[in-house]
Amino acid sequence: MKKVDIDIKNMRAFTINPVAGRLILEGIKDVENRWIAPKVRKGIMAVTFSKIYAKSKYLDDLEWARDFAGKKVAARIPAYEAFSEMRGKCVGVVDYEIKESTDSIWWEVKEWKPWCVSNPRWLQKPFAVCGQIGCWTMKPADAKKVLAQL
């Protein structure tokens, strides 16, 4: 693997529901919709799955995925129980770039700048993080764990 240059003191992460996160890390969903964009407009960001994730929310998210990407893509999303080991963990990384616009079907809120994501990578060893909703700065020790897997 090629060496990746990451500032471990300022590595950013975003927390997402596991269905949308899986679509991103499978390379299907190429835009994340957030109303606040990070100050750094381009780079690498860790992906963490929400720790709290009710089955009713999972079913809503599955329907949302079906509406956007179709039945074949939604069928690739595992059962709710399969996400239990990944909730509350850093599970992957993506390259991101904040753009003014995009033609992606995943850009849902045109008033927000799309976070265009690419080059998704699953971590071989997901690990628990004490994150928060939205975009946040990882602890340097956690950023080192990410870097070690790239």
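## Proline 38 and its surroundings

Not counting residues up to four places away in sequence, proline 38 touches Met45, Tyr96, Ile98, Trp115 and Cys135. The model in which these contacts are found is a predicted one, and every value in this report was computed from it. Proline 38 belongs to the loop between strand 2 (31-32) and strand 3, and because its relative accessible area is 6%, under the limit of 20%, proline 38 counts as buried.

A reader who follows the chain may also compare proline 38 with glycine 21, which is 17 residues away along the chain, and will find that the C-alpha atoms of these two residues are separated by 18 Å. Trp115, which is one of the residues touched by proline 38, takes part in another arrangement as well, since arginine 34 lies over the face of tryptophan 115, at 5.7 Å from the ring centre.

## Aromatic rings

The structure holds ten aromatic pairs. In one of them, the ring centres of phenylalanine 49 and tryptophan 122 are 6.4 Å apart and the ring planes stand at 85°, so this pair is described as edge-to-face. The two partners come from distant parts of the chain, for phenylalanine 49 is in strand 3 (residues 42-49) and tryptophan 122 is in strand 5 (residues 115-128), with their positions 73 residues apart.

How buried or exposed are the two partners? Phenylalanine 49 has a relative accessibility of 1% and therefore counts as buried, whereas tryptophan 122, at 28%, counts as partly exposed. Both residues also belong to one aromatic cluster, which is formed by Phe49, Tyr53, Tyr58, Tyr80, Phe83 and Trp122.

## Where two helices meet

The axes of helix 1 (residues 18-25) and helix 2 (residues 55-69) come within 8 Å of each other and cross at roughly 40°. Helix 1 is therefore described as oblique to helix 2. On the side of helix 1 the contact is made by Val19, Ala20 and Leu23, while helix 2 contributes Tyr58, Asp61, Leu62, Trp64 and Ala65. When these residues of the contact between helix 1 and helix 2 are sorted by class, seven are nonpolar, none is polar and one is charged.

Aspartate 61, which lies in helix 2, has a relative accessible area of 5% and so counts as buried. Leaving aside its neighbours within four places in sequence, aspartate 61 is in contact with Asn17, Val19 and Tyr53. Another residue of helix 2 is glutamate 63, which has a relative accessible area of 46% and is therefore partly exposed. Glutamate 63 and alanine 74 are eleven residues apart in sequence, and their C-alpha atoms are 8.0 Å apart in space.

## Strand 1 and a loop before strand 4

Alanine 13 has its place in strand 1 (residues 12-16), and its relative accessible area of 0% means that alanine 13 is buried. If neighbours within four places in sequence are left aside, the residues in contact with alanine 13 are Met45, Ala46, Thr48, Gly134, Cys135, Trp136 and Met138. Although alanine 13 and glutamine 132 are 119 residues apart in sequence, their C-alpha atoms are 9.3 Å apart in space.

Glycine 88 is placed in the loop between helix 3 (71-75) and strand 4 (89-98), and at 11% relative accessibility glycine 88 also counts as buried. Its contacts, again leaving aside neighbours within four places in sequence, are Phe49, Ser50, Lys51, Phe127, Ala128 and Val129. The C-alpha atoms of glycine 88 and valine 117, which are 29 residues apart along the chain, are separated by 21 Å.

## A backbone angle in strand 5

Which backbone feature does asparagine 119 show although it is not a glycine? Asparagine 119 has a positive phi, with a value of about 50°. This residue is found in strand 5, and because its relative accessible area is 43%, between the limits of 20% and 50%, asparagine 119 is classed as partly exposed.

How values were computed:
Residues numbered from 1 in each chain as written. Predicted model: local features only at pLDDT ≥ 70, side-chain atom pairs only at ≥ 80, totals over all residues. Heavy atoms only, no water. Phe/Tyr/Trp six-rings, centres within 6.5 Å; stacked < 30°, edge-to-face > 60°. Helix = DSSP H or I, 4+ residues; strand = E, 2+ residues; numbered from the N terminus. Buried < 20%, exposed > 50% of the residue type's maximum accessible area, 1.4 Å probe, protein only. Lys NZ or Arg CZ within 6 Å of the ring centre and 35° of its normal. Axes fitted to C-alpha atoms, helices over the stretch in contact; angles between N-to-C directions. Parallel < 35°, antiparallel > 145°, perpendicular 65-115°, else oblique. Contact = heavy atoms within 4.5 Å. Nonpolar A, V, L, I, M, F, W, Y, C, P; charged D, E, K, R; others polar.
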